[in-house]
Structures are given as C-alpha cells and as structure tokens.
Amino acid sequence: MLRRQHGPPARTSVSYYPWKVRFMLIRDILSAGKTAVSFEFFPPKTPAGWDRLFRSISELTPLKPAYVSVTYGAGGSTRDRTHDLVTRLHRETDLEVVAHLTCVGHSRDEMHAILDRYAEGGVHNILALRGDDPTDGKLPPGDFPFAADLVDFIRSNHPQMGVGVAGFPEGHPSSSNRLDEIAKLKDKVDAGADYIVTQLFFDNRDYYDYVDRCRLAGIEAPLIAGIMPISSRKNMARMAELAPRTRFPASLIRTVKRADSDKRVEMAGTHWATEQVRDLLDNGVPGIHLYTLNNSASTLRIGESLGLDGFDALL
Ligand SMILES: Cc1cc2nc3c(=O)[nH]c(=O)nc-3n(C[C@H](O)[C@H](O)[C@H](O)COP(=O)(O)OP(=O)(O)OC[C@H]3O[C@@H](n4cnc5c(N)ncnc54)[C@H](O)[C@@H]3O)c2cc1C
C-alpha cells in the first residue's frame with residue numbers, strides 16, 4: 001500500500017500512483033451510518049521523525065482507517081511540511097486524507113494559494129480551524145478572525161471540498177460563556193461545515209452530553225469523538241497543557257498513579273482509551289478520531305483488544 005521513502009518527501013519527479021482522481025468526502029464516509037475510525041498525524045521536523053512517522057503509517061495502514069488527518073501549525077509554521085505530508089499520503093497510499101488548516105494570521109490571498117494548491121493536487125477534505133497565536137510572538141491580524149470565516153471562505157471558493165470543524169465537549173479554553181459557545185459552533189455548521197471533530201476527553205459522558213447539547217441547539221452535523229491514549233506521565237502533563245479544559249477523572253488519575261513504570265502507564269492509558277472506544281462503538285457514534293501522536297503502538301493495541309482485524313469492519 002505504501003512505498004517507503006526515507007526522510008522528507010522529495011520535491012522532484014517521484015513516480016506517484018497515476019493521478020488519484022477518485023476521492024471521498026468525509027461526509028460521504030460518515031453517511032454510511034457506521035462508525036468511521038480515523039487517525040491523526042503531525043508533520044515531523046527532522047528526517048528521523050519522517051522515518052518514524054512512515055514506519056508508524058506502514059504499521060497502521062493494515063488497520064484500514066476511514067481516513068487520516070494531518071495537523072497544521074497555526075500561522076503557517078508547518079505550511080509546507082503539512083502540504084508535503086498530505087499530498088504524499090494522498091498520492092502514495094490508498095488512505096483518504098484530511099488537511100488541517102488554521103486561519104489565524106492568514107490573509108485571503110494566502111488562503112487562496114493554500115486551497116488552490118490542495119485542489120490542484122486532488123485533496124478535497126479540509127478541517128477548518130482558527131488556531132492559536134504562537135506563544136513566541138503575535139501573528140499579524142489576518143483576514144479570518146474565527147474558524148467560521150474560513151468555513152465560509154472554503155464554501156464560496158471551493159464548493160466541491162468537504163469541510164470539518166473542531167468542537168470542545170468540555171468548553172474552549174478562551175470561552176467565558178458555554179451557552180454562547182454552542183451558538184458559535186452552530187455558526188460554523190451553518191456556514192457549511194459537514195461534521196465536527198471533538199477535542200480529546202476521558203469520560204464519554206462528557207461527549208454524550210455535548211452531543212445532546214448540540215442537538216438541542218439545532219446542530220445536526222455528526223460529531224466525531226476525539227480520543228488520545230495516555231502514553232506516559234509526561235505525555236499526560238502535556239495533554240493538560242495543550243487541552244487545558246480537559247477533565248482527568250479521579251479514577252484515571254488513580255490508575256496512572258498505580259502504574260509503577262512508564263511502560264505500565266502506557267498500558268493502563270491504552271486500556272482506558274480502549275474502554276472508551278468500546279463504549280463509543282456500543283453507542284453507535286458516527287466516528288472516532290484517534291490522536292496517534294505519530295506512534296502506532298497504542299492504536300494497534302486498541303484494534304487488537306477490540307478483536308478487530310481492521311477498522312473497516314465497522315464501516
Ligand atoms: C480536532 C481538533 C484539531 C485541531 N487541529 C489543530 C491544528 O492542526 N493546528 C492548530 O494550530 N490547532 C489545532 N487545533 C486547536 C484549535 O486551533 C484551537 O483550539 C483554537 O483555539 C480554536 O480553534 P477553533 O477552530 O475551534 O476556533 P473557533 O471556532 O473560531 O472558536 C474559538 C473560540 O472563539 C469563540 N468564537 C467563535 N466565533 C466567535 C465570534 N464570532 N465572536 C466571539 N467569539 C467567537 C468560540 O466560541 C471559541 O471559544 C485543533 C483542535 C481540535 C479540537
């Protein structure tokens with residue numbers, strides 16, 4: 001499925017698959033009415049990172065995810081690397097790819113250039129995000145204050161594209177009004193978003209309640225549940241920093257405290273995530289997005305523990 005090539009993608013003549021003209025929009029995958037399981041990757045900085053990532057991808061592709069997505073550094077800090085990884089996955093594998101795209105600090109001209117390049121390369125699935133100002137400096141104001149503005153821009157300029165947006169079951173860190181936040185989420189859906197991918201959470205009740213609140217607000221788009229297995233104590237601390245509203249249930253903290261080595265924290269964290277996925281499957285959720293952090297181990301173990309050869313069996 002995947003031809004190995006070490007280091008960052010070459011920009012010169014690589015003989016790719018014949019032009020990939022067929023693609024599926026995520027909304028069409030979701031409309032099959034089963035649970036679509038997807039994986040998230042980030043574009044590495046170093047050649048060793050690219051090697052590790054492509055090893056993980058080779059190990060994960062047999063699990064047949066419904067799609068994979070690639071993150072984008074807010075303000076364009078990974079602009080080329082994200083584009084390279086997205087197009088390489090699109091051309092060299094059978095995987096359906098979603099490109100994350102943040103709008104903070106970008107002008108309309110920049111956005112035209114980024115989206116035109118994806119459209120020309122046959123990439124038609126975008127996760128439209130606002131992004132955050134980088135901690136090391138302010139970005140120029142840009143033409144898109146919020147993700148809803150980017151959704152609107154994509155719908156107007158690339159109506160053939162599929163668009164997803166982010167949702168926060170436990171509240172967005174900068175939000176001071178939880179009712180208004182759901183109204184703002186509705187703005188993104190009304191602007192043309194097809195589906196919502198949630199921030200990570202550790203208690204499925206938070207997700208089910210969020211879905212309920214969305215439905216009460218008239219949001220009918222499918223909500224894909226975001227799950228990130230804990231792989232170490234350090235990784236758990238990092239999650240708390242990156243997703244500051246995340247609630248770590250007492251039972252999870254007890255579980256991690258009991259583990260007497262990092263290896264065992266990883267096993268316990270993967271078990272916790274597996275139980276979340278099992279419960280989400282039992283409840284027939286439309287999608288589960290696994291934040292892999294470019295590692296295959298936890299995701300492979302989740303598939304195995306659920307008795308699945310591949311996640312396509314769910315489709
Ligand atoms: C699944 C997922 C993937 C992500 N991928 C990336 C990535 O690849 N790169 C990256 O940099 N970040 C990523 N993020 C993080 C995200 O960019 C940040 O959390 C960002 O702060 C919010 O983005 P958003 O798209 O939700 O913004 P928005 O939907 O614009 O919302 C941000 C906040 O502004 C409020 N708001 C929205 N509209 C208005 C308005 N009109 N007036 C006043 N307030 C308003 C909202 O209620 C919310 O509190 C991801 C998050 C998730 C959940």
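Here are some exercises with worked solutions on a predicted model.

**Exercise 1. Work out whether strand β7 is enclosed or open, and which way its side chains point.**

Solution. Start by finding the strand: β7 covers residues 223–227. Next, check burial residue by residue. A residue is buried if 20 or more other C-beta atoms lie within 10 Å of its own. By that test 5 of the 5 residues of β7 are buried, so the strand is largely enclosed by the rest of the structure. Now split the strand by direction. Leu223, Ala225 and Ile227 point one way, while Ile224 and Gly226 point the other way, and all are buried.

**Exercise 2. Find the strands that pair with β7, and say in which sense they run.**

Solution. Take β6 to begin with, which spans residues 195–200. It is joined to β7 by 3 bridges, and the two run parallel. If you want a spot to look at, go to Val197, which stands opposite Ile224 in β7. Then follow the chain between these strands: from β6 it passes through helix α7 (residues 204–216) to reach β7, and this β-α-β crossover is right-handed.

Now turn to β8, made of residues 287–291. It pairs with β7 over 4 bridges, in the parallel sense. Here, Gly226 stands opposite His289 in β8.

**Exercise 3. Do the job again for strand β1: how many of its residues are buried, and what does it pair with?**

Solution. Strand β1 runs over residues 36–41, and 6 of its 6 residues are buried, which leaves the strand mostly covered. Sort them by direction: Ala36, Ser38 and Glu40 go one way, and Val37, Phe39 and Phe41 go the other.

For the partners, look at β8, which is joined to β1 by 5 bridges and runs parallel with it. Ser38 stands opposite His289 in β8. You've met His289 already, as the residue that Gly226 of β7 stands opposite. Then look at β2, which pairs with β1 in the parallel sense over 4 bridges. In this pairing, Phe39 stands opposite Val68 in β2. Finish with the connection: β1, α2 and β2 make a right-handed β-α-β unit.

**Exercise 4. Describe the shell around the ligand: which residues come nearest, which elements supply it, and what classes does it hold?**

Solution. There are 22 residues around the ligand, and Thr71, His100, Arg130, Ala147 and His172 come nearest. For the elements, β3 (97–102), α5 (147–157), α6 (178–190) and β6 each give at least two residues. The largest share comes from α6, with 3 residues. Sorted by class, the shell has 8 nonpolar, 9 polar and 5 charged residues.

**Exercise 5. Find the residues that touch the most other members of the largest nonpolar core, then trace the contacts of Ala128.**

Solution. This core has 80 residues, and Ala128, Val151 and Ala193 touch the most other members. Helix α5 provides the largest share of the core, 6 residues. Now put aside the neighbours of Ala128 within four places in sequence. What remains is contact with Leu101, Ala147, Leu150, Val151, Ile154, Val163, Val165 and Ala193. One name there may ring a bell: Ala147 is among the residues that come nearest the ligand.

**Exercise 6. Say what stands out about the phi angles of Lys64 and Leu293, and where these residues sit.**

Solution. Begin with the usual picture: most residues other than glycine have a negative phi. Lys64 has a phi near 50 degrees, a positive value. You'll find Lys64 in the loop between α2 (47–60) and β2 (67–70). With 19 other C-beta atoms within 10 Å, Lys64 is partly exposed.

The phi of Leu293 is near 50 degrees too, again positive. Leu293 lies in the loop between β8 and α11 (297–305). It has 17 C-beta neighbours inside 10 Å, so Leu293 counts as partly exposed.

**Exercise 7. Decide whether Asn204 and Asn235 are buried or partly exposed, and place each one.**

Solution. Asn204 is in helix α7. Its count is 20 C-beta neighbours inside 10 Å, so Asn204 is buried. Leaving out residues up to four places away in sequence, Asn204 touches Gln276, Asp279 and Leu280. Asn204 and Glu275 are 71 residues apart in sequence and 9.8 Å apart in space, C-alpha to C-alpha.

Asn235 belongs to helix α8 (residues 233–242). Asn235 has 18 other C-beta atoms within 10 Å, so it is partly exposed. From Asn235 to Leu185 there are 50 residues in sequence and 29 Å in space, C-alpha to C-alpha.

Terms used
Residues numbered from 1 in each chain as written. Predicted model: local features only at pLDDT ≥ 70, side-chain atom pairs only at ≥ 80, totals over all residues. Buried ≥ 20, exposed ≤ 12 C-beta atoms within 10 Å, placed from the backbone. Pairing = 2+ DSSP bridges. Right-handed = clockwise from strand over helix to strand, strands pointing away. Near = placed C-beta within 6 Å. Nonpolar A, V, L, I, M, F, W, Y, C, P; charged D, E, K, R; others polar. Core = buried A, V, L, I, M, F, W, Y, C linked by C-beta atoms within 7 Å. Contact = placed C-beta atoms within 7 Å.
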